Amino acid sequence: MEVVKERVCPCASDKSLLHDEWSSFGVVRSRDHLWKVEDRAGIKWVASTCGICQMCTNGKDELHCPKQANSGFTAAGTYATHILEGVKDEEAGRIMCGDVTAYVACKRSVVRPGQWIVLPGAGGSLGHFAVQYAKAMGMRVIAVDGGAEKEKLCRSLGAEEFIDFTTCKDIATEAMRITTWESHGVLVTAASKEGYATTPMLLRPGGTMVAVGLPNDPTVMTGLPIVVCLRKLNIVGSVVGTLKDVEEALDFTARGLVYLILTKGILKDVDKFCQLMIAEKLAGMAVLKVSA
């Protein structure tokens, strides 16, 4: 929601700040020097953090700041990130949400170049990003999805192997055949009970499962505890990304390493697109034009 201000009442102090009249005293407009008129900017999910709690100051956990504000949820979208040349406006909007979520999840998997990562739902909204980031980061990608069209898409994005769940009766056995010793990491982007239950069987001892999808079923478990224990599996969570993560994700697209599959529409299409997402029939990700 955007609030249009009808009136403002500037004072002499506002004028001094706007013109940097106090810069010699060390009083400057924070971050204004980073922007110029007509720069393109995008709004990310985390609008601001307190900057002083332990989560903010340890250099890696700012997304867990208890006082964070979220764009369009608890704050108006005002905290902007520069959009790099080579990245379209409609691409940047998706990169700052779903795209960076997939990118950070790949990093959280700690899968190294040359190692195997399994991506269930690889042809979906988050999955098609994950395939590209994993490939660009040197991982060997096994995409899991259903149908010939999804296989064509996943292979075109960089998947080395594809498992069709509509025809394969035992995905874990097929993954073992491909990798010999199962995969080093799995990203669970689907918010399904089945996805979380079966993932541990795809991992080799010491492998890492990254939880991304958020099921609405509180009884969801990440597989049998005996499998998790005997294989010494790592189970980690992942959520969106920091400002630095967003900048890195944008850079991948600017360099032509990651591209987006977008289904475009206008604001009144929002309900239609939500239904398509629920039915898992939305190609790539949706982008809605809200301006005239």
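In this predicted model, a good place to start is the side chain of Asp-99, which makes a polar contact with the side chain of Tyr-133 at 2.3 Å. Asp-99 sits in helix α3. Is Asp-99 buried or exposed? With a relative accessible area of 0%, it falls under the 20% cut-off, so it counts as buried. Its surroundings fit into a short list: leaving aside residues up to four places away in sequence, Asp-99 touches Arg-94, Phe-129, Tyr-133, Ala-249, Thr-253, Val-258 and Leu-260.

Tyr-133 leads us on to the nonpolar interior. In soluble globular proteins, nonpolar side chains tend to be buried together. Here the largest nonpolar core has 38 residues, and Tyr-133 is one of those with the most contacts inside it, along with Ile-117, Leu-119 and Leu-187. Which elements give two or more residues to this core? They are helices α3 (89-108), α4 (125-136), α5 (148-157) and α9 (243-254), together with strands β5 (116-120) and β6 (140-145). Helix α3 supplies the largest share, nine residues. Asp-99, our starting point, lies in that helix too.

Leu-187 is worth a closer look. Setting aside residues up to four places away in sequence, its contacts include Ala-102, Ala-105 and Cys-106, as well as Ile-117, Val-118, Leu-119 and Pro-120. Leu-187 also touches Ser-109, Ala-130 and Val-210. Apart from the largest core lies another one, of 16 residues, and among its members are Val-118, Val-188, Leu-202 and Leu-203. Val-118 is thus a member of this other core and a contact of Leu-187.

Now let us turn to charged groups. Side chains of opposite charge can pair when their charged atoms come close. How many salt bridges does a search of the whole structure find? The search finds eight. One of the pairs is Asp-145 with Lys-150, whose side chains meet at 3.6 Å, N to O. The two partners differ in exposure: Asp-145 is buried, because its relative accessible area is 8%, whereas Lys-150 is partly exposed at 25%.

Another salt bridge stays within a single helix. Arg-155 and Glu-151 both belong to α5, where they are four residues apart, about one turn of the helix. Their side chains meet at 3.0 Å, N to O. Arg-155 counts as partly exposed because its relative accessibility is 37%, and Glu-151 is partly exposed as well, with 28%.

A further salt bridge reaches across the sequence. Arg-231 pairs with Glu-182, with 3.2 Å between the closest N and O atoms. Arg-231 is in the loop between α8 (225-230) and β10 (234-237), and Glu-182 is in the loop between α6 (171-179) and β8 (183-188), so the pair ties together parts that are 49 residues apart in sequence. Both of these residues are buried. Elsewhere, Lys-107, Asp-245 and Glu-248 are joined into one network by salt bridges that share partners.

Finally, step back to the whole chain. Its secondary structure comes to ten helices and twelve strands. Of its 292 residues, 39% are buried. Among the contacts with a separation of 6 or more, 62% are between residues 24 or more positions apart. The exposed area of the chain is about 17,200 Å², and carbon and sulfur atoms supply 57% of it.

Notes
Residues are numbered from 1 along each chain as its sequence is written. This is a predicted model: local features need pLDDT of at least 70, side-chain atom pairs count only at pLDDT 80 or more; totals for chains, interfaces and linings use all residues. Side-chain values use heavy atoms; hydrogens and water are left out. A nonpolar core is a set of buried Ala, Val, Leu, Ile, Met, Phe, Trp, Tyr and Cys residues joined through side-chain atoms within 4.5 Å. Buried means under 20% relative accessible area, exposed over 50%, partly exposed in between (1.4 Å probe, protein chains only). Contact means heavy atoms within 4.5 Å. A polar contact is a pair of N or O atoms within 3.5 Å; within protein, one must be able to donate a hydrogen and the other to accept it, and residues adjacent in sequence count only if both atoms are side-chain atoms. A salt bridge is a side-chain nitrogen of Lys or Arg within 4 Å of a carboxyl oxygen of Asp or Glu. Accessible areas come from the Shrake-Rupley method with a 1.4 Å probe; for residues, only the protein chains shown count as cover.
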